[in-house]
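This briefing introduces one protein model to a reader who has not seen it before. It takes up a few residues, a ligand and some charged pairs in turn.

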Amino acid sequence: MSLSPHDVSYGVMGWPVKHSLSPELHNYWLAQQRIDEQYGLLEIEPKDLREKTEKLVAAGLKGWNVTVPHKINMMLLCDEISQTAKIIGAVNTVKIVDDRLFGTNTDAYGFIQNLINKVPTWNSQKAALVIGAGGAARAAVYSLCEAGVPKIYIANRTYQKAYELCADFGYNNMTALEWEDRESVIADVSLIVNTTTLGMTGLSELEFDLSTAKKDTVVYDIVYKPLMTKLLKEAEKYGLNVVTGFGMLVHQAAAAFELWFNVSPDLSGGFIDELEERFK
Ligand code: ATR
């Protein structure tokens with residue numbers, strides 16, 4: 001689905017953005033809810049972000065999602081930013097309210113909702129290990145803090161970024177780990193999350209030995225292409241709980257939809273499953 005920016009009132013801004021699933025999800029839900037709007041791809045180069053955003057607003061755009069590489073820079077264009085987006089440091093959803101740009105972040109909601117949905121028995125009162133310290137890690141850490149996780153370890157290739165993430169969240173029970181030490185806390189955690197780009201189609205795999213993980217450990221990879229990364233296949237081999245990144249995508253989109261249209265899309269039925277099948 002590729003609509004021209006002039007035909008749509010909602011869309012996803014990114015560069016590149018052609019492979020985004022968001023138009024399929026949102027247009028399906030718009031039809032489902034009988035809302036007469038269209039959602040399209042808004043391909044915008046980083047250098048044009050301000051100018052193109054202003055033009056689209058003038059042309060009547062009512063809201064949009066923001067993806068790589070605009071999530072941080074979009075904050076500068078918003079008139080108002082939610083507390084969640086401020087803490088995470090990135091905006092992934094914008095709504096025009098009285099000609100003003102309101103920016104928020106639904107990635108954290110998508111992250112936790114997917115986890116709870118897939119593993120209802122996940123115990124939020126046990127420690128977690130987050131691998132990575134970029135924007136996705138910040139959303140994950142935000143929601144884990146909100147869920148009351150008592151201890152969060154952050155392991156990142158660049159230690160300094162892990163350290164800064166811990167300091168930014170000001171959460172006493174966060175510890176930054178050296179990349180080489182990422183497996184050292186395995187006996188202490190019940191949730192392991194990959195938020196790095198490792199494991200994505202075309203990139204290197206995340207190497208992580210899960211052989212000593214506790215039986216109730218949940219292994220969550222926010223990468224969704226492929227759906228089953230090497231990390232998740234390993235987790236399955238050891239009988240651990242596995243969560244793919246696909247549901248995070250769906251739930252962050254559903255939260256944006258709700259913000260724009262004041263109605264929750266119906267996530268039941270075959271459409272989401274069919275979409276997920278395509279990634280297998
Ligand atoms: P996002 O917003 O999707 O989180 P990002 O901010 O670019 O994207 O963060 C990417 C994450 O993947 C970072 O934690 C990055 O580690 P560095 O902070 O050291 O860059 C991690 N990452 C990317 N390539 C990696 C690799 N080859 N090995 C280990 N970590 C990698």
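## Tryptophan 260 and its surroundings

Leaving aside residues up to four places away in sequence, tryptophan 260 touches Tyr10, His26, Tyr39, Gly63, Trp64, Asn65, Thr93, Val94 and Lys95. The model is a predicted one, and the distances and areas below are computed from it. The points that follow begin with this tryptophan and then turn to two threonines, the ligand and the salt bridges.

**Tryptophan 260**

- Tryptophan 260 belongs to helix α9, which covers residues 246-261.
- With a relative accessible area of 6%, tryptophan 260 counts as buried, because buried means under 20%.
- The side chain of tryptophan 260 reaches the backbone oxygen of valine 94 at a distance of 3.0 Å, and Val94 is also among the residues that tryptophan 260 touches.
- Although tryptophan 260 and isoleucine 96 are 164 residues apart along the chain, their C-alpha atoms are separated by 8.8 Å.

**Threonine 104**

- Threonine 104 is found in strand β6, which is made up of residues 100-104.
- The relative accessible area of threonine 104 is 11%, and this residue is therefore buried.
- When residues up to four places away in sequence are not counted, threonine 104 touches Ser82, Ala85, Ala90, Val91, Asn92, Thr93 and Leu259.
- The last of the residues in that list, leucine 259, lies 155 residues from threonine 104 along the chain, and the C-alpha atoms of the two are separated by 9.6 Å.
- Thr93 is touched by threonine 104, and Thr93 is likewise touched by tryptophan 260.

**Threonine 217**

- Threonine 217 sits in a loop, the one that runs between β10 (189-194) and β11 (218-221).
- Despite this place in a loop, threonine 217 counts as buried, because its relative accessibility is 0%.
- A polar atom in the side chain of threonine 217 lies 2.7 Å from the backbone oxygen of lysine 214.
- Beyond residues up to four places away in sequence, threonine 217 touches Val189, Ser190, Leu191, Ile192, Leu240 and Asn241.

**The ligand and the residues around it**

- There are 13 residues around the ligand, and those that come nearest are Ala136, Asn156, Arg157, Thr158 and Lys161.
- By class, this shell consists of 4 nonpolar, 7 polar and 2 charged residues.
- Backbone N or O atoms approach oxygen atoms of the ligand at two residues described here: the distance is 3.1 Å for glycine 135 and 3.0 Å for alanine 136.
- A side chain also takes part, since an N or O atom in the side chain of arginine 157 is 2.8 Å from an oxygen atom of the ligand.
- Taken on its own, the ligand has 640 Å² of accessible area, of which the protein covers 68%.

**Salt bridges**

- Side chains of opposite charge can pair when their charged atoms come close.
- The model has a count of 11 salt bridges, among them the three pairs described below.
- Glutamate 43 and lysine 18 meet through their side chains in a salt bridge, with 3.2 Å from N to O; because glutamate 43 lies in strand β2 (residues 39-43) and lysine 18 in the loop between β1 (10-14) and α1 (22-32), the pair ties together parts that are 25 residues apart in sequence.
- Of these two partners, glutamate 43 is partly exposed at 35% relative accessibility, whereas lysine 18 is exposed at 57%.
- The side chains of glutamate 24 and arginine 278 form a salt bridge at 2.7 Å, N to O; since glutamate 24 is in helix α1 and arginine 278 in the segment after α10 (270-277), this pair ties together parts that are 254 residues apart in sequence.
- Glutamate 24 is partly exposed at 28% relative accessibility, while arginine 278 is exposed at 55%.
- Aspartate 48 forms a salt bridge with lysine 52, in which the closest N and O atoms are 3.8 Å apart, and salt bridges that share partners join Lys47, Asp48 and Lys52 into one network.
- Within that network, aspartate 48 counts as buried at 13% relative accessibility, whereas lysine 52 is partly exposed at 34%.

Methods:
Residues numbered from 1 in each chain as written. Predicted model: local features only at pLDDT ≥ 70, side-chain atom pairs only at ≥ 80, totals over all residues. Heavy atoms only, no water. Helix = DSSP H or I, 4+ residues; strand = E, 2+ residues; numbered from the N terminus. Buried < 20%, exposed > 50% of the residue type's maximum accessible area, 1.4 Å probe, protein only. Polar contact = N/O pair within 3.5 Å; in protein donor to acceptor, adjacent residues only side chain to side chain. Contact = heavy atoms within 4.5 Å. Near = heavy atom within 4 Å. Areas by Shrake-Rupley, 256 points an atom, 1.4 Å probe, with all protein chains shown as cover. Nonpolar A, V, L, I, M, F, W, Y, C, P; charged D, E, K, R; others polar. Salt bridge = Lys/Arg side-chain N within 4 Å of Asp/Glu carboxyl O.
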